[in-house]
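User: Hello! I am new to this structure and would like to learn how to read it, one feature at a time. Could you walk me through it?

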Amino acid sequence: MRTIITPLLVATLLTPILGAQQQISPDDRKAHVACVKKELADAETALFEKYQKAKDDAEREVVMKERPDGGTFAKKLWPLVTANPADDAAAEALAWMMRISEDAADKKKATELLFQHHVKSEAIADVCASLAYQPSKANLEFVERVAKETPHDAVRGQATWAKVQLLGGALRAAESITGGAMTPEQQKGYEEYLGAGTLAWLKMLDGKAIAASRETLLEEIATKFADVKAGHGTLGEAAKAELFELRNLAIGKAAPDIVGKDADGVQFKLSDYRGKVVLLDFWGEW
Amino acid sequence: MFPHERSLVAKLADKPFALVGVNSDPIEELPAIQKKEQITWRSFAAGPGGGEIAKAWNVRSWPTIYILDEDGVIRAKNLRDEAMEKKVEELLAAMATKKK
């Protein structure tokens, strides 16, 4: 009896896993991706709550050792991606895996599959946007490659915009590493957060050359991709605002005046404070 | 942020220094917020998102901090805590030397 039941049982158990991946509906595949992402998010929330409850540094250190490893969660999506790497669910999964994988081989494989199956898709613009605020060599190369290979002008505009953000972020990160504005503990924590690879890359950057190339890229966006939608406005508006900041709000420039009303409705100006050192603080509680 | 700013304002009360805010809360809520946080310095009530002022200054993250010298020239951007305080004191010291 056993010899007959066992293969049957195995086959029954495997069907939902292997068979289902091929036939599962696109909605279910998307739900699957969302579910794995949520598992990681929940684990991170739980950790954060524990961290806040920790009484001292020693306890906090213990809690941080339990930090969920994003790479393990990313690996859970390989069966889904392998079954069909070409649909939207796979694109979403790959973009996420590329971002959070801690295993270099996984990261590379996810990046390659994303290019192989999705570089012509318009959705790759969202992937560029999701990488724009995490400066690293890999992310920069990714958006540069998208800008080069995409057949869509709008995507090229967004990839170029992401590149400007990444270069800006890299400059700021490089400045804060070398600027001496952090305490030694803050510095150590920040360097750990960046990781050895990114840290070495940041230290090698040529700040002047990058600032110049950002300006050129912004001018390119303002002329070639001005009408591409971005957030609440267009890339043209965003690029112009950034160029204004670059040219008029840099260290050494005279601050543009501000005229407005205070909490009591009384009008005043920033220039009323000429003759004093001013700390201008954009703040809010919302 | 507020405790540090409060102590800085108190410490530099007799110096040529001013903290000027640009607030991004709903305009009608600002008086209550200032009271609750014991904010004694003046802010532009710019409205949600920092309105036209934040737009003109291309502010996309909060808080964003600029330090201006006595001539209204931008001397630092986005320094925090000790580094921010150090810069302000440095500029005040430079002003004092210039006067002499």
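Analyst: We will go through the contact between the two chains, then the strands, and then two loop residues. Keep in mind that this is a predicted model.

User: Let's begin with the interface. How many residues does each chain bring to the contact, and what area do chain B and chain A bury between them?

Analyst: The size of an interface is often given as the accessible area lost when the parts come together. Here chain B and chain A bury about 4,400 Å² between them, with 61% of it on carbon and sulfur atoms. B:Arg42, B:Phe44 and B:Trp57 supply 16% of the area that chain B buries against chain A, more than any other three residues. As for residues, the contact takes 54 from chain B and 41 from chain A.

User: Which polar links should I look for between chain B and chain A?

Analyst: There are 25 residue pairs in polar contact between chain B and chain A, counting pairs with both residues at pLDDT 80 or more. Salt bridges are worth finding too, and the count between the two chains is four. To see a salt bridge on screen, look at the side chains of A:Glu242 and B:Arg60, where the N to O distance is 2.7 Å.

User: Which element of chain B gives the most to the side that touches chain A?

Analyst: That is β1(B), with seven residues. By class, this side of chain B has 35 nonpolar, eight polar and 11 charged residues.

User: Now the strands. Which strand of chain A is joined to β1(B), and how do the two run?

Analyst: Look for strand β5 (residues 277-283) of chain A: seven bridges join this strand to β1(B), and the two run parallel. To find your place, start at A:Asp281, whose bridge partner in β1(B) is B:Gly21. β5(A) is also joined to β3(B), by five bridges, and that pair runs antiparallel. In that pairing, A:Leu280 has B:Tyr66 as its bridge partner.

User: And is β3(B) buried or exposed?

Analyst: The cut-off for buried is under 20% relative accessible area. Five of the five residues of β3(B) are buried, so β3(B) is largely enclosed by the rest of the structure. B:Thr64, B:Tyr66 and B:Leu68 point one way from the strand, while B:Ile65 and B:Ile67 point the other way.

User: What do β3(B) and β4(B) form together?

Analyst: They form a hairpin, with five residues between the two strands. In the turn, B:Gly72 has a positive phi of about 80 degrees. Three bridges join these antiparallel strands, and one of the pairs to look for is B:Leu68 with B:Ile74.

User: Let's finish with the loops. Where is A:Ser136, and which residues does A:Ser136 touch?

Analyst: A:Ser136 is found in the loop between α8 (124-131) and α9 (137-149) of chain A. This serine counts as buried because its relative accessibility is 13%. Its side chain reaches the backbone nitrogen of A:Asn139 at 3.1 Å. Not counting residues up to four places away in sequence, A:Ser136 touches A:Thr198 and A:Trp201.

User: And what is A:Val266 in contact with?

Analyst: A:Val266 lies in the loop between β3 (259-261) and β4 (267-269) of chain A. With 41% relative accessibility, A:Val266 counts as partly exposed. Leaving aside neighbours within four places in sequence, A:Val266 is in contact with A:Gly260, A:Lys261 and B:Arg42. You have met B:Arg42 before, among the three residues that supply 16% of the area chain B buries against chain A.

Definitions and conventions: Residues numbered from 1 in each chain as written. Chains lettered and ligands numbered in written order. Predicted model: local features only at pLDDT ≥ 70, side-chain atom pairs only at ≥ 80, totals over all residues. Heavy atoms only, no water. Contact = heavy atoms within 4.5 Å. Buried area = accessible area lost by both parts, 1.4 Å probe. Polar contact = N/O pair within 3.5 Å; in protein donor to acceptor, adjacent residues only side chain to side chain. Helix = DSSP H or I, 4+ residues; strand = E, 2+ residues; numbered from the N terminus. Nonpolar A, V, L, I, M, F, W, Y, C, P; charged D, E, K, R; others polar. Pairing = 2+ DSSP bridges. Buried < 20%, exposed > 50% of the residue type's maximum accessible area, 1.4 Å probe, protein only.
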